[in-house]
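Subject: Structure for your review

Dear colleague,

Please find below the structure that I am handing over to you. I would be grateful if you could look through it alongside the notes that come after it.

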Amino acid sequence: MKGHLTRNLFPEPQKTKGRVMSTIAAFYSGKSILITGATGFLGKVLMEKLFRTSPDLKVIYILVRPKAGQTLQQRVFQILNSKLFEKVKDVCPNVHEKIRAIYADLNQNDLAISKEDKQELLSCTDIVFHCAATVRFDDHLRHAVQLNVTATQQLLLMASQMPKLEAFIHISTAFSNCNLKHIDEVIYPCPVEPKKIIDSMEWLDDAIIDEITPKLIGDRPNTYTYTKALGEMVVQQESSNLNIAIVRPSIVGATWQEPFPGWVDNLNGPSGLIIAAGKGFLRAIRGTPKAVADLIPVDTVANLTLAVGWYTAVNRPKSTLIYHCTSGNFNPCYWGKMGFQVLAAFEKIPFERAFRRPYADFTTNTITTQYWNAVSHRAPAIIYDFYLRLTGRKPRMTKLMNRLLRTVSMLEYFLNRSWEWSTYNTEMLMSELSPEDQRVFNFDVRQLNWLEYIENYVLGVKKYLLKEDMAGVPKAKQHLKRLRNIHYLFNTALFLIAWRLLIARSQMARNVWFFIVNFCYKFLSYFRASSTLKV
Ligand SMILES: CCCCCCCCCCCCCCCCCC(=O)SCCNC(=O)CCNC(=O)[C@H](O)C(C)(C)COP(=O)(O)OP(=O)(O)OC[C@H]1O[C@@H](n2cnc3c(N)ncnc32)[C@H](O)[C@@H]1OP(=O)(O)O
Ligand SMILES: NC(=O)C1=CN([C@@H]2O[C@H](COP(=O)(O)OP(=O)(O)OC[C@H]3O[C@@H](n4cnc5c(N)ncnc54)[C@H](OP(=O)(O)O)[C@@H]3O)[C@@H](O)[C@H]2O)C=CC1
C-alpha cells in the first residue's frame, strides 16, 4: 500500500470566520472512513468528533452486528438520537445519510461481511480506525484470540486490498505489556507466534485451552492484555505493506470536555466502581494509595487517534509508530487522592437510595482487606438479605456483593502497580500540530484539573448511567443523613452490648468500668466545686 497514493495529502488550510481551519479537520473532509467498534465507548466518541469537526466527510462505514434484539438500523438510530450526538445534528444535519452500517461479526473468521459490502469497503475506504475488541478481562482465550487477534488479522488482510487506503490506525491498550514496569513505544514480542496461537485455537478443545491459558499468558494478569499484545504483533507483521500506527490508551474514563464533560455509557474501568462506592456497597479496596491512577478521558483518546490518523496518512512514517495515550507522566494522579476526590464529589452529588453511606479506603494490607470484606461488605449484605427474607422478599444482596467483590479482585492488579510509559511520539505529534489543531484536537492532559474532572465524572455517572435526576439530590442527601444516624445508633448499641457482656464475664472489665465511673464522678465533682468557688 505504501506509495499507492495519488491524492493531494496536503490540503490548503481553509479559513472559517476569520480563523484558520484546523488542518486535521480539513484532512478528513471528503474522506470515506471505516470504523470498527463504533457502537462501543470509544468508537462513539470518535465518530461524534469526526462528524462535528469534519461535517464534509464523505461517509463513515461502521461494522455492526445486531444486538439485544435490535437491528443494525435501530442501533444506529439509537446512537444518532443519543445525548452524545446532540451537537452533531446542528453542524451536520444530514448525519444519518453519512453513516453506513455494514453487517459484520468479528467472531466469524471472514468477519461475515457480504460480498457487495466488502467490495464497496475495498474500493472506497481512505482511513481505517480499528477499535473493536473484547475488553472483558476473563474472556475465554479462544474468544479473546478470535476478536483481538484473528479479527485484526482479517481486517489487515482487507486493508491490504484497499487501493485508496491512506492509514490504518489500530487501538491497543497501554497495558498490553503490563508485565513490564517501563514500557517503550515499541512492540514487544510474545514467546509464541500469534499465527501458531490462532492455528491452535482451531483444533484444541476448551478443556486443553483452559489448561494452557495460564502458561501462555505468563506474567500478564488476564487473557485481555495477552491477546491485545498478540494483536499488536499481528499488526507489526503487516506493517511493511500498510501505513499503520498504534494508539495505546491507559484506563479510559468519561469525557473531559467534548462534546460535554462527564459523558460515559458503560461500567468498565472506574465507572462501575464509582457506582458501587457511591451506592455504599463498596467501602474498601485493596489498592496502593500512592500508585498512579492512569486514567485518560475518552475524548482525549479520540482527539489523539484522529491526530494520529492525519499524521500517519500525511507523513507516512517509515516504521509503525506507537503512541501512548496516558496521563501519568504528564499530570499524575494517585489512587488515594482520587478516592478522596470521588468521596468529596459524592458529598455534593450523592446517588439516590444508597445502601450505606459512601466511604472508600485504599489499603495494601491483605488481612485488613479480608477484615473489611467480612465486616463491611459481606456482613451487611447477609443482614440485609435476612431482612428481605423476613419481609417476604427475595434475597439478592449477597449474590450482588459476591459479583462485585469478584469484579474488584480482577481490577486489583491495576490498582496496586504503577507503570512508566515513554511518550516521545505523543509529544512529537503534539509539537507537529498547528495552534488551531492543538485547540480542536486537544490531547494535552497537562491542562486537566483532576478535581474538576472527577466531579464531572461522578455527575456523568449519576446522569447517564444511573439515569438519576438532579432534582432528587436534596432527598438523596436526606437519605444519607438518615443512614449516618442509623450508623451511629448501631455502633453505640453494638458497643454497649459488647461492654455489657464483657462486664458480666470478666472481673478485670468490671474493675476498669468502676475505675472509669469513679474517675468521671470525681472529675465532675471537682469541676462543680471549682465553679462554685469562682462565683
Ligand atoms: C471511591 C472509590 C472509587 C475510586 C475509583 C477506583 C477505580 C478503579 C478502577 C480500576 C480500573 C482498572 C482498569 C484497568 C483497565 C485496563 C485498561 C484496558 O484496556 S481494559 C478495558 C476496560 N475493560 C474493563 O474494564 C472490563 C472489566 N470487566 C470485566 O472484565 C467483567 O465485567 C468482569 C470479569 C469483571 C465481570 O464479569 P461477569 O461476572 O461475567 O459479569 P458481567 O460482565 O456481565 O458483569 C457483572 C456485573 O458487574 C457489573 N460490572 C461490570 N464491570 C464492572 C466494573 N468495572 N465495576 C463494577 N461493576 C461492574 C456489570 O454491570 C454487571 O452488573 P449486573 O448486570 O449484574 O447488575
Ligand atoms: N475502555 C478502556 O478502558 C480501554 C479500551 N481500550 C481499547 O479501546 C478499544 C475500544 O474499547 P471500548 O470502546 O472501551 O470497548 P467497548 O466494549 O465499549 O466496545 C467494543 C466494541 O467492539 C465491538 N465488538 C465486540 N465484539 C464484536 C463482534 N463480534 N463483532 C463486531 N463488533 C464487535 C462492540 O460491538 P457491540 O456494541 O456489538 O458489542 C463495540 O462496538 C478496544 O480496542 C480496547 O482494547 C484500551 C485501553 C483502555
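The notes below cover the two ligands, a surface patch and the salt bridges. Please keep in mind that this is a predicted model.

Ligand 1

The shell around ligand 1 holds 26 residues, and those that come closest are Arg136, Phe137, Tyr224, Leu267 and Gly269. Three polar contacts may help you to find your way around this ligand. Arginine 136 places a polar side-chain atom 2.6 Å from an oxygen atom of ligand 1. Phenylalanine 137 contributes through its backbone, with an N or O atom 2.9 Å from an oxygen atom of the ligand. At leucine 267, a polar backbone atom lies 3.1 Å from a nitrogen atom of ligand 1. On its own, ligand 1 would expose 1300 Å², of which the protein buries 80%.

Three helices, α10 (270-278), α12 (335-348) and α14 (397-415), each give at least two residues to this shell. The largest share, seven residues, is supplied by α14. Sorted by class, the shell around ligand 1 comprises 16 nonpolar, six polar and four charged residues.

Ligand 2

Ligand 2 is also surrounded by 26 residues, with Thr39, Arg65, Arg75, Tyr224 and Lys228 coming nearest. The side chain of threonine 39 has an N or O atom 2.7 Å from an oxygen atom of ligand 2. Two backbone contacts can be added: an N or O atom of phenylalanine 41 lies 2.9 Å from an oxygen atom of the ligand, and a polar backbone atom of cysteine 131 is 2.9 Å from an oxygen atom of the ligand. Taken alone, ligand 2 exposes 880 Å², and the protein buries 91% of that area. The elements that provide two or more residues to its shell are α2 (41-53) and α9 (223-238). By class, the shell around ligand 2 divides into 13 nonpolar, eight polar and five charged residues.

A nonpolar surface patch

A nonpolar patch of about 1100 Å² lies on the surface, and its members include Met508, Trp513, Phe515 and Leu524. Phenylalanine 515 belongs to helix α19 (residues 507-534). This residue counts as exposed because its relative accessibility is 58%, over the 50% cut-off.

Salt bridges

Side chains of opposite charge can pair when their charged atoms come close. In the whole structure, 20 salt bridges are found. One of them joins glutamate 258 to arginine 52, with the closest N and O atoms 3.1 Å apart. This pair links distant parts of the chain, since glutamate 258 sits in the loop between β10 (251-253) and α10 while arginine 52 is in helix α2, 206 residues away. Both glutamate 258 and arginine 52 are buried.

A further salt bridge connects arginine 353 and glutamate 352, at 3.8 Å from N to O. Arginine 353 is exposed, at 66% relative accessibility, whereas glutamate 352 is buried, at 18%.

Glutamate 436 and arginine 439 also form a salt bridge, at 2.9 Å from N to O. Both residues lie in helix α16 (residues 435-440), three residues apart, or about one turn of the helix. Glutamate 436 counts as buried because its relative accessibility is 15%, while arginine 439 is partly exposed at 46%. Elsewhere, salt bridges with shared partners join Glu48, Lys49, Arg52 and Glu258 into one network.

With kind regards

Notes
Residues numbered from 1 in each chain as written. Chains lettered and ligands numbered in written order. Predicted model: local features only at pLDDT ≥ 70, side-chain atom pairs only at ≥ 80, totals over all residues. Heavy atoms only, no water. Near = heavy atom within 4 Å. Polar contact = N/O pair within 3.5 Å; in protein donor to acceptor, adjacent residues only side chain to side chain. Areas by Shrake-Rupley, 256 points an atom, 1.4 Å probe, with all protein chains shown as cover. Helix = DSSP H or I, 4+ residues; strand = E, 2+ residues; numbered from the N terminus. Nonpolar A, V, L, I, M, F, W, Y, C, P; charged D, E, K, R; others polar. Patch = residues over 30% accessible without salt bridge, like charges linked within 9 Å, V, L, I, M, F, W, Y side chains within 5 Å. Salt bridge = Lys/Arg side-chain N within 4 Å of Asp/Glu carboxyl O. Buried < 20%, exposed > 50% of the residue type's maximum accessible area, 1.4 Å probe, protein only.
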